[in-house]
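Trainee: Before we accept the labels attached to this model, could we go through how each one is justified?
Mentor: Yes, let us take them one at a time.

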Amino acid sequence: MFTLFPAWFAWLTEQRHVRNALATGSSLECVNFREHTPLTSGQVDDTPFGGGAGMVLRVDVLDSALRARYGIDPVRLREQRRVIALTPGGRLLDDELVSELAAEQALTLLCGRYEGFDERILEHFATEQVSIGRYVLAGGELAAMVVCDAVLRKLPGALGHEQSAIEESFSAALQGRPEYPHYTRPAEYRGWRVPDVLLSGHHERIARWRAQRSRERDGSDTGEGMAGEGMAGEGMGERPDG
Ligand SMILES: C[S@@+](CC[C@H](N)C(=O)[O-])C[C@H]1O[C@@H](n2cnc3c(N)ncnc32)[C@H](O)[C@@H]1O
């Protein structure tokens with residue numbers, strides 16, 4: 001992680017799945033690029049050529065920080081690992097990209113600030129740009145934490161139950177669809193009943209019901225296919241509050 005706020009990542013490393021991933025061989029390291037600036041008084045940014053608001057992160061500062069950490073020209077670093085610049089307009093982070101990143105041996109994430117990166121950082125040091133959504137955050141740190149959280153929980157040993165990451169929203173096990181609903185005790189609360197099928201102990205019917213709910217959430221199925229089995233909306237209970 002290349003960031004101006006490395007202390008923020010302490011919170012991330014306290015999260016259980018991140019701790020688990022770190023305990024089983026992964027590592028997460030932050031580099032404060034302000035500490036590697038070749039400029040006096042810790043300067044990392046400058047005003048934009050052509051005018052306009054805000055400050056732009058300097059290419060020489062990122063060059064120096066990447067070089068200090070990896071010991072090679074950052075232009076060559078791109079041949080060894082994915083160097084991801086977090087930007088609002090980058091490739092949207094989704095489960096497919098998270099799986100792709102989780103399969104990598106190593107990743108470098110560049111967190112922008114202010115008006116963003118000098119374009120030459122994106123052109124010559126980064127392999128790609130990733131966005132966590134089409135909105136603008138004040139900085140790349142939260143976006144980098146989102147990437148780390150999602151990637152690390154895909155790694156073996158990160159979750160208490162391996163199955164949790166296999167069958168969850170957008171996974172191959174659910175054909176890329178959102179997950180089905182979950183319920184726990186009490187089986188009835190304020191008149192809201194848990195669907196009978198989930199209390200039936202009938203694994204096949206439960207699996208069919210879950211697959212159906214998942215398809216419905218995706219909008220790819222109206223639930224008509226379950227009607228013959230008497231399972232569409234089965235046991236959902238009345239809603240006394242209308
Ligand atoms: C205030 S933003 C810069 C926005 C930039 N001027 C623009 O209009 O695209 C500062 C930094 O926050 C990060 N950032 C903001 N929104 C993001 C998003 N949706 N996804 C990923 N990173 C984001 C980027 O690293 C960016 O360089």
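Trainee: What makes the approach of a backbone N or O atom of I132 to a nitrogen atom of the ligand a polar contact?
Mentor: In this predicted model, the backbone atom of I132 lies 3.1 Å from the ligand nitrogen, and a pair of N or O atoms counts when within 3.5 Å, so the pair qualifies. By the same cut-off, a backbone N or O atom of L137 qualifies at 2.9 Å from a nitrogen atom of the ligand, and a polar backbone atom of G140 does so at 3.4 Å from a ligand oxygen. The protein covers 82% of the 580 Å² of accessible area that the ligand has on its own.

Trainee: Why are L86, G112, E115, Y135 and L137 counted among the residues around the ligand?
Mentor: A residue is near a molecule if one of its heavy atoms lies within 4 Å of it, and 20 residues surround the ligand, with those five the closest. The largest share of this shell, 3 residues, comes from β5, and by class the shell holds 11 nonpolar, 7 polar and 2 charged residues.

Trainee: How do you know that the ligand sits in the second largest pocket?
Mentor: The test asks that more than half of its atoms lie within 2 Å of the pocket's grid points, and the ligand is assigned to the second largest pocket, so that condition is met there. About 350 Å³ of space lies in that pocket, and L86, T87, P88, V136 and L137 are the closest to its centre among its 22 lining residues.

How values were computed. Residues are numbered from 1 along each chain as its sequence is written. This is a predicted model: local features need pLDDT of at least 70, side-chain atom pairs count only at pLDDT 80 or more; totals for chains, interfaces and linings use all residues. Side-chain values use heavy atoms; hydrogens and water are left out. A polar contact is a pair of N or O atoms within 3.5 Å; within protein, one must be able to donate a hydrogen and the other to accept it, and residues adjacent in sequence count only if both atoms are side-chain atoms. Accessible areas come from the Shrake-Rupley method with a 1.4 Å probe; for residues, only the protein chains shown count as cover. On a 1 Å grid over the protein atoms alone, a cavity is a set of points where a 1.4 Å probe fits but cannot get out, and a pocket is an open set with protein on both sides within 12 Å along at least five of seven lines; lining residues have an atom within 4 Å of a point. Helices (H or I, at least four residues) and strands (E, at least two) are DSSP runs, numbered from the N terminus. Ala, Val, Leu, Ile, Met, Phe, Trp, Tyr, Cys and Pro count as nonpolar, Asp, Glu, Lys and Arg as charged, and the others, Gly among them, as polar. Grid points are joined across faces, edges and corners, and a volume is the space filled by probe spheres set on the points.
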